[in-house]
Structure formats: structure tokens, C-alpha cells
Amino acid sequence: MNAAETPFRLDTAVLLIGFNRVGPLRQVFDAVREARPPRLYFACDGPRNEAERIRCNEVRALAQLVDWPCNLRTRFNEQNLGLRKGVSSAINWFFENEEEGIVLEDDTLPVPSFFRFAQELLERYRHDERIWVIMGNNLMDDWTGAKEGDYYYSAHGYGAPWGWASWRRVWLHYDVDMKQWPYMKESPLLKDFFLDRHEEELAQEIFNRVHEGRMNSWSYQMDLTRIANHALNIVPHVNQIDNIGFDGDGTHTTGPDDPRNKRTAKAIGFPLKH
């Protein structure tokens, strides 16, 4: 930062989503505390049984560690809604109260620059309805092609929003039950969308499994709305988020041998190159 540059201040609200993993969430919470958002929404799903209640209470106790000027709001479920409804209803609550914001789950650990990256792009693309989600993570560290600017636009990619930001205008399209999928999968829209047969088969299988309840997920539903609205995600060239949940306790991050389990997050430089 040069002498003439104003120090960064986070003005954007943050939603923090937890359940029963206090260790990883404490790391994510510490990153949020360093960023000092003026409004923090803290949502936790309820325990599945009495034995789990102690772990859930340990997670909820992190709310007592908010020690910066902050409007803290909590949403602690008494009953367990599960991953699909628990996370999506927490995001519903967030965007009912905020026009835009940053979303972090209990295993999505951001580097400090992510908050500024998200805030600047939320402002820049606030009214651009082509833009759907500002992603924090980029797992394509083997990409050797030319890079222009600090981020790119992508109409493709499925799941794994490990730290992201978006707007109420986008979330209004969200449908956890994917009611439009039976019609969409027969429409010409998808035939013209997929880059190749492999992507088509992969996406069809994912969307079928989620729609039929065979995959416990909240995020692929947002991918479907992106496709239906001919929209784009923003992806940083530099990964900004490490997933620290490959400890066997996660639903979709079940072990350390997962190829996505790699710590590649690092700071991005400012001012951003657009």
C-alpha cells in the first residue's frame, strides 16, 4: 500500500455457517475476526441427537468471542435440518436481511485478501445481472494458459463454492428442490450449453441425483440457476480459500486423500487488474 492509498475497511456483511466442528470453524472465525465485518450473521444447524448437542454448543459459543464493533445476529436451530435445508435456509435468512454479502462455511478458510476481493467485485458487478457468484476458491493450480487480469468469468463448473459472495438478486432465483430440472434437462438450452459429452453426462448425473434426493447438497441448485439465466461466475486466478475440512467429518470432504485436499490459497495483489 502506498502512502496515498486508503487502508482497506470491510463494509460488507458476512454469513458464517457452522454445525458441530468447532476446530475448523474456530480457524474460520479467527479469519473473520481479523477482517472485522460490521455485520456478522452466525447460523448453526441443530444436533441430530443428544450426544451431539455438546459439540453443537461448543460451536455456538464462538459467538461470545465477537470483540469488535459488530452487529451480531444468530440463528441457532433447535432441530436438525440437515446439510441441504440447513445451509440453504441459513443463506435465505442472510439475503432476507442483506442485499449482498460474503458466505463462509465451517471448513472454508479464507486468506485476508479474499474479503477485499469479494467486496470490490460485489460493488463493481452489483447491477450486472450476467454475474452470479464471486468465487473465492480456484483449484485449477495446474493451469498453464495465458492469464489476463486477476480473475476470469466462467459459465461452467459445478459445486464446491468454498467461500463466495453474491447478491439477493441472484439468491431470489434459488430453489432447493430444483423444480425446474425435469423441464430443463429436456430443453435445447442444455444441449447448446455443454462443452462436450463428458461434461453433459457429469452434469446430468449430478442434477438428477440432487433432484431425486440421492445427493445431499445445497450448492448444485445454484449452478442450475446460473445455467438457466445464462450467467457467469467470477473465479480468481489466485486461489483465496483453503478447505480445512478433509478430516472425515465432512459430508462431501470425507478424507485426506481427496485430490481437492491441497493448501494453495495465497494473497492476491491490489489494486485488482480487471
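## A predicted chain and its buried interior

The accessible surface of the chain comes to about 13600 Å², and 49% of this belongs to carbon and sulfur atoms, where accessible areas come from the Shrake-Rupley method with a 1.4 Å probe and, for residues, only the protein chains shown count as cover. This is a predicted model, in which local features need pLDDT of at least 70 and side-chain atom pairs count only at pLDDT 80 or more, while totals for chains, interfaces and linings use all residues. Residues are numbered from 1 along each chain as its sequence is written, and side-chain values use heavy atoms, with hydrogens and water left out.

### Overall form

The chain holds nine helices and ten strands; here helices (H or I, at least four residues) and strands (E, at least two) are DSSP runs, numbered from the N terminus. Along its principal axes, the C-alpha trace spans about 55 × 55 × 40 Å. For 274 residues a compact globule would have a radius of gyration near 19 Å, and the 18 Å of this chain agrees with that; the radius is taken over C-alpha atoms, and the globule rule is 2.2 Å times the number of residues to the power 0.38.

Of the 274 residues, 52% are buried, a word that means under 20% relative accessible area, whereas exposed means over 50% and partly exposed in between (1.4 Å probe, protein chains only). Among contacts between residues at least 6 apart in sequence, 80% join residues at least 24 apart, a contact being heavy atoms within 4.5 Å. The mean positions of the 33 positive and 41 negative charges are 2 Å apart. In that count, Lys and Arg are positive and Asp and Glu negative, while His and the chain ends are not counted, and the place of a charge is taken as NZ of Lys, CZ of Arg, CG of Asp or CD of Glu.

### The nonpolar cores

In soluble globular proteins, nonpolar side chains tend to be buried together. A nonpolar core is a set of buried Ala, Val, Leu, Ile, Met, Phe, Trp, Tyr and Cys residues joined through side-chain atoms within 4.5 Å. The largest core of this chain has 61 residues, and those with the most contacts inside it are L15, I91, I102, L104 and W164. If neighbours within four places in sequence are left aside, the contacts of I102 include L10, L15, F94, F114, F115 and W164. Apart from the largest core lies another, of 15 residues, among them Y158, I206, V210 and M215.

### Two buried residues and one after β10

Q204 is placed in helix α8, which covers residues 197–211, and it counts as buried because its relative accessibility is 17%. Residues up to four places away in sequence not counted, Q204 touches W181, K185 and L190. L62 is found in the loop between α2 (50–60) and β3 (71–76), and it too counts as buried, at 5% relative accessibility. With the same kind of neighbours set aside, L62 touches V22, L25, R26, F29 and F42.

A265 lies in the segment after β10 (241–243), and, leaving aside its neighbours within four places in sequence, A265 is in contact with V111, N239, Q240, I241 and D242.

The table sets sequence separation beside C-alpha distance for three pairs.

| Pair | Apart along the chain | C-alpha separation |
|---|---|---|
| A265 and G136 | 129 residues | 9.4 Å |
| Q204 and L121 | 83 residues | 31 Å |
| L62 and Q27 | 35 residues | 11 Å |

### Backbone details

Most residues other than glycine have a negative phi, and most peptide bonds are trans. In R36, which is not a glycine, phi is positive, near 60°. R36 sits in the loop between α1 (22–35) and β2 (39–44), and it is partly exposed, with a relative accessible area of 44%.

H230, also not a glycine, has a positive phi of about 55°. H230 is in the loop between α9 (220–228) and β9 (232–236), and it is exposed, with a relative accessible area of 61%. The helix before it, α9, is mostly covered, since eight of its nine residues are buried, including Y220, M222, L224 and I227.

Finally, the peptide bond from F270 to P271 is cis, with omega near 0°, and P271 lies in the segment after β10.
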